[in-house]
Structure formats: structure tokens, C-alpha cells
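Here's an informal walk through one model, from its cores to its loops and empty spaces. Keep the structure open as you read.

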Amino acid sequence: MLKKELVDLAVSMGAIGVRVASKEMLEGPPSADPSRVLDGARSVVAYAVPLGTDFIPDYLGKVTRRVFAQIMYDQYRLIGAIGDALVQRLEEAGYRGASPSPNGAYNTKESRPGFMVPDFSHRYAAVASGLGTFGWSGNVMIEGHWSTVFLGSVVTNAELPVDAPLEEGICDGCRICARVCPLEFIKMKESQRLTLGGREYTYNAKGNHGRCGLACGGLSGDTRNGIWSSWATIRYGYPEGDDKIAAHFMRALSDPASEYIRPHIGFSPDGGRTNWAIEAAKTNRGILDRPLEHTHPTCCHCALVCSGPLEKRKELMELLFTSGIVVRLENGTEKAVSPEELKEMMRQSRA
């Protein structure tokens, strides 16, 4: 059976919980429609790759982010490799297939400042197929792996046997994901509803997407209370209003202090586009074309903190809250300092 061959192939390469949804099971938001990436699409093969958890305390505790950078780079490329292999097997069987980028590729007609729309949502495919369920953050949670996964999908015109969505959720509603979001992109109390294949799901009502773009892009990471930060090393403080997001972004992007982080989001030090971003735009491969040397994870707190039982999540949250504020020294090294130490460093720099 073709489905079994596809599942076995994906699992042999490192995927977990490979599942299938039909086009009808994905009826809902535009980005859930698989025909947007493949005309005549009938089925979607959803899969995930695990990130592991050993690196998380050092990452959230501001010891190092380089281990996570390697994992991020490797696992995104693994998603791409699995997708390419599944498409090849489908083509060998006489069908067509498409493997949308796992991240960094957006629909230019539907996206607008503060609201980014992918060509196809891997989250929707994962939930519709029963690979996982939504957490409060909107991230997909998978049994045994929580939300420490990256997602991939392959769209095909083959009509494959489908799997059923999960009847019970995994999220226990702790809302720690909202508490560790440095720029408060994830709302603590406000919710939104999503209808997918006739089923209704509820998770947080996210704020301006630019908040996540600033934090995950490494251009801003100072929290409202000023006690801790993400791995972002550019100091402009917490952006109070969404109307300040665009100006905050442009100011940080033009700051010489952001030179090292610009390639992470596809900008060259001179303000143009990096070679990898130019190629990614041509092929729509998104993050798959970003080299390791330009991979600088700065946040992902909402996914990484949700990596175990409640007590573990609380420990990681407290570790983050006491990790300090990251600064980048003149020699390019990074370290975490207390708010008092940061004030003294800034005073000396102005003297």
C-alpha cells in the first residue's frame, strides 16, 4: 500500500507520528487548502521531527544558544529531506506531490504588515490528520513530545487512506507559553476559534505578528518588566503599542548593532537581501536555504518551555525569568547580565 510505504519511508528518515488528512478534512482558513500548493490536491501527509529537550535548560538559562542553532538548522533540513523523499516516491508511483517550506515562506498576496499568511499551514495539517492537537499557544502538541517539534507536510493528488483527528487535547491550559513570550504576542486570556474540517478548535488570540517577528528575528527581546530578555541583544525596550511595531523593526534593522543578526532573517549587513534569501524567494524554499552560520535562534520560548509535565514547565519558566538580559560584547561574545549590571554598562558607554 502506497500510504504504508510513505509512512515507513518518513519514519526511517527520522519523522514521528506520520498521518494523513484529506482535502475535505482541511476545509477552513485559506492556508489550510492544499490546492494552493498543488492543483488537484486530494491528500496531505503530515509529519514532525523531534527537537529533543537536553539543550533547553542551557538555552532558556542563557548559557548558550549555539546548540539549539545546530538543532534548528539540522531539523529544518531534515524536514526538507523527508518532504523531497516522499515527493519522489509519489512521483515513482505515478502521482504528483509538493513539499511546502517548513517556515519562512509566505503568501505575498494575503500577507500584510502585522499578519503573515503561509501558502500552506503545517499546523492545520497536523491537527486535521490527528498527528497532534493545538496548545494554548497555537503550537501543535504531539503525545510524548509536547510542542518541541518542527512540522512538515507533503501535498499530493493521490487519494490516500486518512487518519482521524484526535478527540482529546494534550494542553492542560497552564498558559505558561503566554508568560514566557517576551513581547506578549501570545495573549494570556483572549482566545480565538478555528473551524477545520467541521471541527472547532480554540487557542489564544495572537497579537500583531510583528511582535513575534521582532522576537524570533532577534531584533527585540526586552520584556515589559525589564528583568529578563530573549537572546536578542539590541536594546530598544518593550514596544507598548502595535502602532510602534513597524518603526521599532526599522530602527533595529538599521542599527549597526544588528549587523550580526540581519542574515538570520535574510538581510545583508548593508541592508540588502542575503544570497540565501534571494534564492529562497525564487524557489519558495524559505528557511531551508538558510546556512548554519546565519542561524541565530533568539526566542521559541513558547515551544521549548512546553516540553514536559507542569512541574518541568514551571522550572523552565523560572529559569528563564532569572536568566537575565543578554548583551553582546565588542568581541562578539554574548553573556547574560542583571538589570543593574546592564544599567551600569549603559552608563559607562555614555560616559
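Helices and strands here are DSSP runs, helices (H or I) of at least four residues and strands (E) of at least two, numbered from the N terminus. With that in hand, R65 can be placed in the loop between α2 and α3. One caveat up front: this is a predicted model.

## The loop before α3

Let's stay with R65 for a moment. Is R65 buried or exposed? R65 is buried, since its relative accessible area is 2%, and the cut-off for buried is under 20%. Leaving out residues up to four places away in sequence, R65 touches Y59, W231, Y260, H296, P297, T298 and E334.

Next, A69, which sits in helix α3. A69 is buried too, with a relative accessibility of 0%. Its contacts beyond four places in sequence are L292, T295 and P297. P297 also turns up among the contacts of R65. If you want a yardstick across the fold, take A69 and L214: they're 145 residues apart in sequence, and their C-alpha atoms are 18 Å apart in space.

## Two nonpolar cores

In soluble globular proteins, nonpolar side chains tend to be buried together. In this model, the largest nonpolar core has 41 residues, and V45, Y47, F55, F68, I82 and L86 have the most contacts inside it. Who builds it? At least two residues each come from the helices α1 (2-12), α2 (56-60), α3 (66-92) and α10 (310-321), and from the strands β1 (16-22), β2 (43-50) and β6 (149-156). The top contributor is α3, which gives ten residues to this core.

F68 is a good residue to click on here. Setting aside residues up to four places away in sequence, F68 touches L51, F55, Y59, P297, C300 and L304. There's also a second, separate core of 28 residues, and A21, A46, V140 and L151 are among its members.

## Helix α6 and what follows

Which residues of α6 (209-216) are buried? They are G210, R211, L214 and A215. These residues lie on the same side of α6, because they cover an arc of only 135° around the axis. The helix that the buried residues of α6 pack against is α7 (245-254).

Both ends of α6 have a detail to look at. At the start, N208 puts a side-chain oxygen within 2.6 Å of the backbone nitrogen of G210. Just after the helix, G218 takes a positive phi of about 85°. Carry on into the loop between α6 and α7 and you'll meet T223. T223 counts as buried because its relative accessible area is 6%. The T223 side chain reaches the backbone oxygen of W228 at 2.8 Å. Beyond its neighbours within four places in sequence, T223 is in contact with P182, W228 and Y238.

## Two positive phi values outside glycine

R175 and E184 are worth a look on your Ramachandran plot. R175 has a phi near 65°, which is positive although the residue isn't a glycine. R175 belongs to the loop between β6 and α5 (176-179), and it is partly exposed at a relative accessible area of 26%.

For E184, phi is near 55°, again positive in a residue other than glycine. You'll find E184 in the loop between α5 and β7 (191-196). E184 counts as partly exposed, with 29% relative accessibility.

## Cavities and a pocket

How many cavities of 30 Å³ or more does the structure hold? There are two. The largest cavity contains about 120 Å³ of space. It is lined by 16 residues, and M141, C171, C174, C177 and C306 are the closest to its centre.

As for pockets, the second largest one holds about 580 Å³ of space. Its lining is made up of 16 residues, with T233, R235, V327, R328 and S349 nearest the centre. Both β9 (325-328) and α11 (339-350) supply at least two residues of that lining. Of the lining of this second largest pocket, α11 gives the most, with five residues.

How values were computed: Residues are numbered from 1 along each chain as its sequence is written. This is a predicted model: local features need pLDDT of at least 70, side-chain atom pairs count only at pLDDT 80 or more; totals for chains, interfaces and linings use all residues. Side-chain values use heavy atoms; hydrogens and water are left out. Buried means under 20% relative accessible area, exposed over 50%, partly exposed in between (1.4 Å probe, protein chains only). The arc is that of the directions from the helix axis to the C-beta atoms. Contact means heavy atoms within 4.5 Å. A polar contact is a pair of N or O atoms within 3.5 Å; within protein, one must be able to donate a hydrogen and the other to accept it, and residues adjacent in sequence count only if both atoms are side-chain atoms. A nonpolar core is a set of buried Ala, Val, Leu, Ile, Met, Phe, Trp, Tyr and Cys residues joined through side-chain atoms within 4.5 Å. On a 1 Å grid over the protein atoms alone, a cavity is a set of points where a 1.4 Å probe fits but cannot get out, and a pocket is an open set with protein on both sides within 12 Å along at least five of seven lines; lining residues have an atom within 4 Å of a point. Grid points are joined across faces, edges and corners, and a volume is the space filled by probe spheres set on the points.
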